[in-house]
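Student: Could you take me through one part of this model closely, namely the metal site, and then say what lies around it in terms of cysteines and aromatic rings?

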Amino acid sequence: MSRNNQGKPTVIPMRVPNVGQPQQQQINIQDTAEQPCPKCLGQHFDVAVRLRVFSKLNPTNPTGQDALIKMEVYLCRACGHEYGQPAG
Ligand SMILES: [Zn+2]
């Protein structure tokens, strides 16, 4: 048994791939396109976190403990729509 067994899942930070966001490259802003909210066309987003649990019962979980997975997501400030989700 591990010492870290107090009913709290282990936290594993994980970044979702940033759709459309260039990484560590010199990008001319004129070469880029706005990514507005598909629902309301708002152009400002708040960063939020989605939580998932990687079950200890999953045979591919090497830790043997429930792991809390954090996923960074972007919410439209105007309507709350999560970027990348179906706009329906
Ligand atoms: Zn919106």
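**The zinc site and an aromatic pair**

Tutor: This is a predicted model, and Phe45 is a convenient place to begin, since at 25% relative accessibility this residue counts as partly exposed. Turning to the metal, the zinc ion is held by four sulfur donors, the SG atoms of Cys37, Cys40, Cys76 and Cys79, at 2.3 to 2.4 Å. The angles among these four donor atoms run from 99 to 116°, and the site of the zinc ion is accordingly classed as tetrahedral. Read along the sequence, the donor residues follow the spacing C-x2-C-x35-C-x2-C.

The donors can also be described by their accessibility: Cys76 is buried, with a relative accessible area of 3%, whereas Cys79 is partly exposed at 38%, and Cys40 is likewise partly exposed, with a relative accessible area of 34%. As for bonds between cysteines, a search of the whole structure returns zero disulfides; a disulfide would be a covalent bond between the sulfur atoms of two cysteines.

On the aromatic side, the count comes to one aromatic pair. That pair is formed by Phe45 and Tyr83, whose rings meet edge-to-face, with 5.7 Å from centre to centre and 80° between the planes. The two partners come from distant parts of the chain, 38 residues apart, with Phe45 in strand β2 (residues 45-54) and Tyr83 in the segment after β3 (67-76).

Notes:
Residues are numbered from 1 along each chain as its sequence is written. This is a predicted model: local features need pLDDT of at least 70, side-chain atom pairs count only at pLDDT 80 or more; totals for chains, interfaces and linings use all residues. Side-chain values use heavy atoms; hydrogens and water are left out. Rings of Phe, Tyr and Trp (its six-membered ring) pair if their centres lie within 6.5 Å; planes under 30 degrees apart count as stacked, over 60 as edge-to-face and the rest as tilted. Helices (H or I, at least four residues) and strands (E, at least two) are DSSP runs, numbered from the N terminus. Buried means under 20% relative accessible area, exposed over 50%, partly exposed in between (1.4 Å probe, protein chains only). Donors are N, O and S atoms within 2.8 Å of the metal (3.2 Å for Na, K and Ca); water is not among the atoms, so sites may look incomplete. Four donors count as tetrahedral if all angles lie between 85 and 135 degrees; four count as square planar and six as octahedral if opposite donors are over 155 degrees apart and all others between 65 and 115; anything else is irregular. A disulfide is a pair of cysteine sulfur atoms within 2.5 Å.
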